[in-house]
Amino acid sequence: MENFRKESDLLGELEVPVNAYYGVQTQRAINNFKISGQLLSSYPEFIKGLAFVKKAAAKTNYELGLLDENLYHTIAEVCDELINGELHDQFPVDMIQGGAGTSINMNANEVIANRVLEKLGKNKGQYEFCSPNDHINLSQSTNDAYPTAIKMGLLQMNISLVEKLEKIVEAFRSKGKEFQDVIKMGRTQLQDAVPMTLGQEFEAFAATLEEDISKLNNNANLFVEVNMGATAIGTGINAPVGYATLCAKNLAQLTGFPIVSAPDLVEATPDTGSYVIYSSAMKRLAVKLSKICNDLRLLASGPRAGLSEINLPPMQPGSSIMPGKVNPVIPEVVNQVCFKVFGNDLTVTFAAEAGQLQLNVMEPVLSHAIMENIHFLSNALDTLREKCIVGITANKEVCLNMVKHSIGIVTALNPYIGYKQSTAIAKEALETGKSVYNLVLEKELLSQEKLDEILDPKNMLKPHNK
């Protein structure tokens, strides 16, 4: 049977596991919020963000004469342990909770305090020597420490997401080079349009995703403005003069990010605009990614009764009843991830709008939605690249035959025989099954030599003069 220690707070005494580094307020959160099943411990960057904030706060308090040197250095050591990945199992609070993040802030305060006590040779819970509130949370409120920690976590997570995005862009670009000589039909509205190369199609996939690298980075840059020193509502009550600027400076030195203090802390405390715009960048990426997956599934449809212009790597048997069937399961799962991103973005929108007066209490679900999206997209990008893109092959002959038999190549005749005559040729080709090529020769509209030159697919891949 597990032993417990008793701790007390505003509501009275509560039992806490004797070996736990967290304390009474974390235990209340464990009891109160059994919601998503996704715990703070699932997001190590967030925990590191909390540790950076608490270390910067401790350094600032020490420099302003509010914290003695030994206690400061011990707090800093414990924060470094958290930054290095230790004790993350001591953060069991559900990511979605009431209280505007107080439970998560106190979870960090209690873990750090009890680990400090251990280092000082004291027992867990002997808070007269190091208090979660009076020492770890000194000159702070949940309302400035918690959103700042979220931003520190998101800045770290964005770096990883962008790295994965850069890798899949390179994978598509590599395929673009590999397929640069594969002639195929381009399509608009699912109808034959004009010829292109498969390489151009895959290069376009690379280019559209590459645009989002700068969008993500630019929007993440909004997270460098923090409200440390705002304390409860931005007035700075219980924080010393100069704390806000100095704490931002210390946080910048510790994290390597260009952190600055918000110019108006009353405005910054309830403001969630940076989350909204970063979430929108992820939604934009997900929209593009889902469209690409739709295209890959269409291009690989078949193998006998579809387009079958490309082959996706076979990953698993596709049916429990149809022998030989192989489905495009990787693009399918990425589509579903993108749908989840769309939904989470809407959650961010509602949560941001729900802020009232001097605080937005919906930041827990808002931050969870964004972090979950980063996690999903990061895994989806790796999965799509590793298990699909790098293994795609082209059905070159299928692509070429579609070009040769397409009505779409009649578009190239417009400058030579006019739109009306070209339309008539296309209509007759559809009705009779004859090729555009043979009909033009039959009607003596162009010489064979000129027709061959015009209808050479390679001459239709880029602008040229008549």
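**Figure 1. Val337 in helix H11 of the predicted model****.** Val337 lies in helix H11. With a relative accessible area of 16%, Val337 is buried. Leu377 is 40 residues away from Val337 along the chain, and the C-alpha atoms of the two are separated by 7.0 Å.

**Figure 2. Salt bridge between Asp345 and Lys283****.** The side chains of these two residues meet with an N to O distance of 3.5 Å. The pair links distant parts of the chain, as Asp345 belongs to helix H11 (residues 329–353) and Lys283 to helix H10 (residues 273–299), 62 residues apart. Asp345 is buried, its relative accessible area being 8%. Lys283, in contrast, is partly exposed at 34%. Elsewhere, salt bridges that share partners join Glu77, Glu81, Arg115, Glu118, Lys119 and Lys124 into one network.

**Figure 3. Salt bridge between Asp9 and Arg28****.** Side chains of opposite charge can pair when their charged atoms come close. In the pair of Asp9 and Arg28, the closest N and O atoms are 2.6 Å apart. Asp9 lies in strand E1 (residues 4–9) and Arg28 in helix H1, so the salt bridge ties together parts that are 19 residues apart in sequence. Asp9 is partly exposed, with 22% relative accessibility. Arg28 has 18% relative accessibility and counts as buried. The count of salt bridges in the model comes to 27.

**Figure 4. Hairpin of strands E1 and E2****.** Strands E1 and E2 run antiparallel and are joined by six bridges. Two residues lie between the strands of this hairpin. Asp9, which forms the salt bridge with Arg28, has Gly12 in E2 as its bridge partner.

**Figure 5. Asn19 in the loop after strand E2****.** Asn19 is placed in the loop between strand E2 (12–17) and helix H1 (24–32). Asn19 is exposed, with a relative accessible area of 58%. In sequence, Asn19 and Lys124 are 105 residues apart, while their C-alpha atoms are 8.2 Å apart in space. Lys124 is also one of the residues in the salt-bridge network that includes Glu77 and Arg115.

**Figure 6. Hairpin of strands E3 and E4****.** Strand E3 (residues 183–188) and strand E4 (residues 191–197) run antiparallel, with five bridges joining them. Met185 stands opposite Pro195 in E4. Two residues separate the strands, and Gln189 in the turn has a positive phi of about 55 degrees.

**Figure 7. Salt bridge between Lys175 and Glu178 in helix H6****.** The N to O distance in this salt bridge is 3.0 Å. Both residues belong to helix H6 (residues 142–178); because they are three residues apart, about one helical turn separates them. Lys175 counts as buried at 7% relative accessibility. Glu178 counts as partly exposed, at 49% relative accessibility.

**Figure 8. Negative surface patch containing Glu225****.** The patch is formed by Glu225, Asp264, Glu267 and Asp271. Glu225 is placed in strand E5 (residues 225–226). The relative accessible area of Glu225 is 34%, and the residue is therefore partly exposed.

**Figure 9. Cis peptide bond and positive phi in the loop between H10 and E7****.** The peptide bond from Gly302 to Pro303 is cis, with omega near 10 degrees. Pro303 lies in the loop between H10 and strand E7 (310–311). Ser308 has its place in the loop between H10 and E7. Phi of Ser308 is near 50 degrees, a positive value in a residue other than glycine. Ser308 is buried, with a relative accessible area of 9%.

**Figure 10. Positive phi at Leu87****.** Leu87 is found in the loop between helix H3 (69–83) and helix H4 (102–119). Its phi is near 65 degrees, a positive value in a residue other than glycine. Leu87 has a relative accessible area of 18% and is therefore buried.

Key:
Residues are numbered from 1 along each chain as its sequence is written. This is a predicted model: local features need pLDDT of at least 70, side-chain atom pairs count only at pLDDT 80 or more; totals for chains, interfaces and linings use all residues. Side-chain values use heavy atoms; hydrogens and water are left out. Patches are made of residues with over 30% relative accessible area and no salt bridge: like charges are joined within 9 Å, nonpolar side chains (Val, Leu, Ile, Met, Phe, Trp, Tyr) within 5 Å. Accessible areas come from the Shrake-Rupley method with a 1.4 Å probe; for residues, only the protein chains shown count as cover. A salt bridge is a side-chain nitrogen of Lys or Arg within 4 Å of a carboxyl oxygen of Asp or Glu. Lys and Arg count as positive and Asp and Glu as negative; His and the chain ends are not counted. The place of a charge is taken as NZ of Lys, CZ of Arg, CG of Asp or CD of Glu. Helices (H or I, at least four residues) and strands (E, at least two) are DSSP runs, numbered from the N terminus. Buried means under 20% relative accessible area, exposed over 50%, partly exposed in between (1.4 Å probe, protein chains only). Two strands pair if DSSP finds at least two bridges between them.
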